[in-house]
Amino acid sequence: MDTEDMECGDPAAALLLEAKDVEQDVSKFVNFVALSEKLQPSASSVFMNMETKEGSQYCIEISTSGYRVVSHSYDGKELDNERYFETVNMLMDNISPLYRLGFANALAAQLSVLVDEQAGVDGEDES
């Protein structure tokens, strides 16, 4: 993706960048995630295929309106779902209990590391 497109406010480039960020953010908590190769991106939306840890397949639309499920299979758009989610985490939390659990466990592990680091800093201050 061309950074010049981003600087000019190219909506398609911004959505593709968002899709890449989503892929990176959720990949640890799903079986599969990738940009759809069959549904072409546009200035208003891009589509991602995703399989949850439960084994359910989805096609997710990312648009300026938010995130929504548009199919219960890869590369589909047969659902007329009007429910948009503000973030990918909100959408995934809604459709995948194992995503929610994995995300919560990863967050708890990160917090634990921060607490341990802070305890080490506090212990050094007392020396």
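**Exercise 1. Locate Asp75 in this predicted model, describe its backbone and decide how exposed it is.**

Solution.
- Step 1: Place the residue. Asp75 sits in the loop between β4 and α3.
- Step 2: Read its backbone angle. Phi of Asp75 is near 60°, a positive value in a residue other than glycine.
- Step 3: Set this against the general rule. Most residues other than glycine have a negative phi.
- Step 4: Judge the exposure. Buried means under 20% relative accessible area, and exposed means over 50%. Asp75 has 23% relative accessibility, so it counts as partly exposed.

**Exercise 2. Work out the strand order of the open sheet and find the strands at its edges.**

Solution.
- Step 1: Write down the order. Four strands form the open sheet, in the order β1-β2-β3-β4. The pairing is antiparallel.
- Step 2: Find the edges. β1 (30–35) and β4 (66–71) each have a single partner strand, so one side of each is left without a neighbour in the sheet.
- Step 3: Add the twist. From one strand to the next, the twist averages 30°.

**Exercise 3. Go through the sheet pair by pair, giving the bridges and naming partner residues.**

Solution.
- Step 1: Take β1 and β2. Five bridges join these antiparallel strands. Phe32 has Glu51 as its bridge partner in β2.
- Step 2: Take β2 and β3. Here seven bridges join the two strands, again running antiparallel. Ser45 stands opposite Ser63 in β3.
- Step 3: Look at the connection between them. β2 and β3 form a hairpin with four residues between them. In that turn, Gly55 has a positive phi of about 95°.
- Step 4: Take β3 (residues 57–63) and β4. Five bridges join this antiparallel pair. Glu61 is partnered by Arg68 in β4, and Cys59 by Ser71.
- Step 5: Look at the second connection. β3 and β4 form a hairpin with two residues between them.

**Exercise 4. Decide whether β2 and β4 are enclosed or open, and sort the residues of β2 by direction.**

Solution.
- Step 1: Count for β2 (residues 45–52). Eight of its eight residues are buried, so β2 is largely enclosed by the rest of the structure.
- Step 2: Split β2 by direction. Ser45, Phe47, Asn49 and Glu51 point one way. Val46, Met48, Met50 and Thr52 point the other way. Residues on both sides are buried.
- Step 3: Count for β4. Six of its six residues are buried, so β4 too is largely enclosed by the rest of the structure.
- Step 4: Combine with the sheet order. β4 stands at an edge of the sheet, yet its six residues are buried.

**Exercise 5. Find the buried face of helix α3.**

Solution.
- Step 1: List the buried residues. In α3 (residues 88–95) they are Val88, Leu91, Met92 and Ile95.
- Step 2: Look down the helix axis. These buried residues fall within an arc of 95°, so they line one face of α3.

**Exercise 6. Describe the largest pocket: its volume, its lining and the elements that supply it.**

Solution.
- Step 1: Recall the idea. Rolling a probe the size of a water molecule over the atoms shows where empty space is left.
- Step 2: Give the volume. The largest pocket holds about 190 Å³.
- Step 3: Give the lining. It is made by 14 residues. Asp25, Phe29, Asn89, Tyr99 and Phe103 lie nearest the centre.
- Step 4: Assign elements. α2 (11–26), α3 and α4 (97–126) each give two or more residues to the lining. The largest share, five residues, comes from α4.
- Step 5: Sort by chemistry. The lining has eight nonpolar, three polar and three charged residues.

Key:
Residues numbered from 1 in each chain as written. Predicted model: local features only at pLDDT ≥ 70, side-chain atom pairs only at ≥ 80, totals over all residues. Heavy atoms only, no water. Buried < 20%, exposed > 50% of the residue type's maximum accessible area, 1.4 Å probe, protein only. Arc of directions from axis to C-beta. 1 Å grid on protein atoms, 1.4 Å probe; cavity = no way out; pocket = protein on both sides within 12 Å on 5 of 7 lines; lining within 4 Å. Points joined across faces, edges and corners; volume = space filled by probe spheres on them. Nonpolar A, V, L, I, M, F, W, Y, C, P; charged D, E, K, R; others polar. Pairing = 2+ DSSP bridges. Axes fitted to C-alpha atoms, helices over the stretch in contact; angles between N-to-C directions.
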